[in-house]
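Please look through the structure below with the sequence at hand. The text that follows takes the strands, then the core, then the cysteines and the polar pairs.

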Amino acid sequence: MQKYECSPCGYVYNPEEGDPEGGIAPGTPFEDIPDDWVCPVCGVGKDEFYPIQ
């Protein structure tokens, strides 16, 4: 699954791990995360993330 990195802080969202503390279950693709989810490190929105290899 595609990973996404936060532009401002470098946090990497790994869909295999999800963001359990943020209410995102493991196995959740980035596209399926609710639009109001924010980076758990710096608090920016999904629009600040970009796909990485």
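**Sheet, core and contacts**

Three strands, ordered β2-β1-β3, make up an open sheet with antiparallel pairing. The edge positions belong to β2 (12-13) and β3 (49-52), each of which has a single partner strand, so one side of each lacks a neighbour in the sheet. The model is a predicted one.

Strand β1 covers residues 3-6 and is joined to β2 by two bridges, the two running antiparallel. Between β1 and β3, also antiparallel, there are four bridges. Individual residue pairs show how the strands line up. E5 stands opposite V12 in β2, and Y4 has Y13 as its bridge partner in that strand. Towards β3, Y4 stands opposite P51. The connection from β1 to β2 is a hairpin with five residues between the strands, and G10 in its turn has a positive phi of about 90°.

Which residues of β1 lie on its covered face, and which on its uncovered one? Y4 and C6 are on the covered face, whereas K3 and E5 are on the uncovered face. The accessible area of two of these residues can be added. C6 is buried, at a relative accessible area of 0%. E5 is partly exposed, at 21%, a value to be read against the limit of under 20% for a buried residue.

E5 lies in strand β1 and has several contacts beyond its neighbours within four places in sequence. These are G10, Y11, V12, E48, F49, Y50 and I52. G27, by contrast, is 22 residues from E5 in sequence, and the C-alpha atoms of the two are 17 Å apart in space.

The next topic is the nonpolar core. In soluble globular proteins, nonpolar side chains tend to be buried together. Here the largest nonpolar core has 10 residues: Y4, C6, Y11, Y13, I24, F30, I33, W37, C39 and F49. Y4 and C6, the covered-face residues of β1, are thus listed again as core members.

F49 lies in strand β3 and is buried, with a relative accessible area of 8%. With residues up to four places away in sequence left out, F49 touches Y4, E5, C6, Y11, Y13, F30, W37, C39 and V44. I33 also belongs to the core; F49 and I33 are 16 residues apart in sequence, with a C-alpha to C-alpha distance of 12 Å. I24 is another core residue. Apart from neighbours within four places in sequence, I24 is in contact with Y13, G18, D19, I33, P34 and W37.

How many disulfides does the model contain? The count is zero. C6 is in no disulfide, and the nearest cysteine sulfur, in C42, is 3.6 Å away. A disulfide requires two cysteine sulfur atoms within 2.5 Å. For C9, the closest cysteine sulfur is that of C39, and the distance of 3.7 Å is too far for a bond. C9 is partly exposed, with a relative accessible area of 33%, whereas C6 is buried.

Charged pairs come next. Side chains of opposite charge can pair when their charged atoms come close. Searching the whole structure gives one salt bridge. D35 forms a salt bridge with K46, and their closest N and O atoms are 3.9 Å apart. Both D35 and K46 lie in the loop between β2 and β3, so the pair ties together parts that are 11 residues apart in sequence. The 3.9 Å distance falls within the 4 Å limit used for a salt bridge. The two partners are unlike in accessibility: D35 is exposed, with a relative accessible area of 70%, while K46 counts as buried at 15%.

The loop between β2 and β3 also holds N14. Is N14 buried or exposed? At 12% relative accessibility, N14 counts as buried. The side chain of N14 reaches the backbone nitrogen of E16 at 3.0 Å.

Terms used:
Residues numbered from 1 in each chain as written. Predicted model: local features only at pLDDT ≥ 70, side-chain atom pairs only at ≥ 80, totals over all residues. Heavy atoms only, no water. Buried < 20%, exposed > 50% of the residue type's maximum accessible area, 1.4 Å probe, protein only. Pairing = 2+ DSSP bridges. Core = buried A, V, L, I, M, F, W, Y, C linked by side-chain atoms within 4.5 Å. Contact = heavy atoms within 4.5 Å. Salt bridge = Lys/Arg side-chain N within 4 Å of Asp/Glu carboxyl O. Polar contact = N/O pair within 3.5 Å; in protein donor to acceptor, adjacent residues only side chain to side chain.
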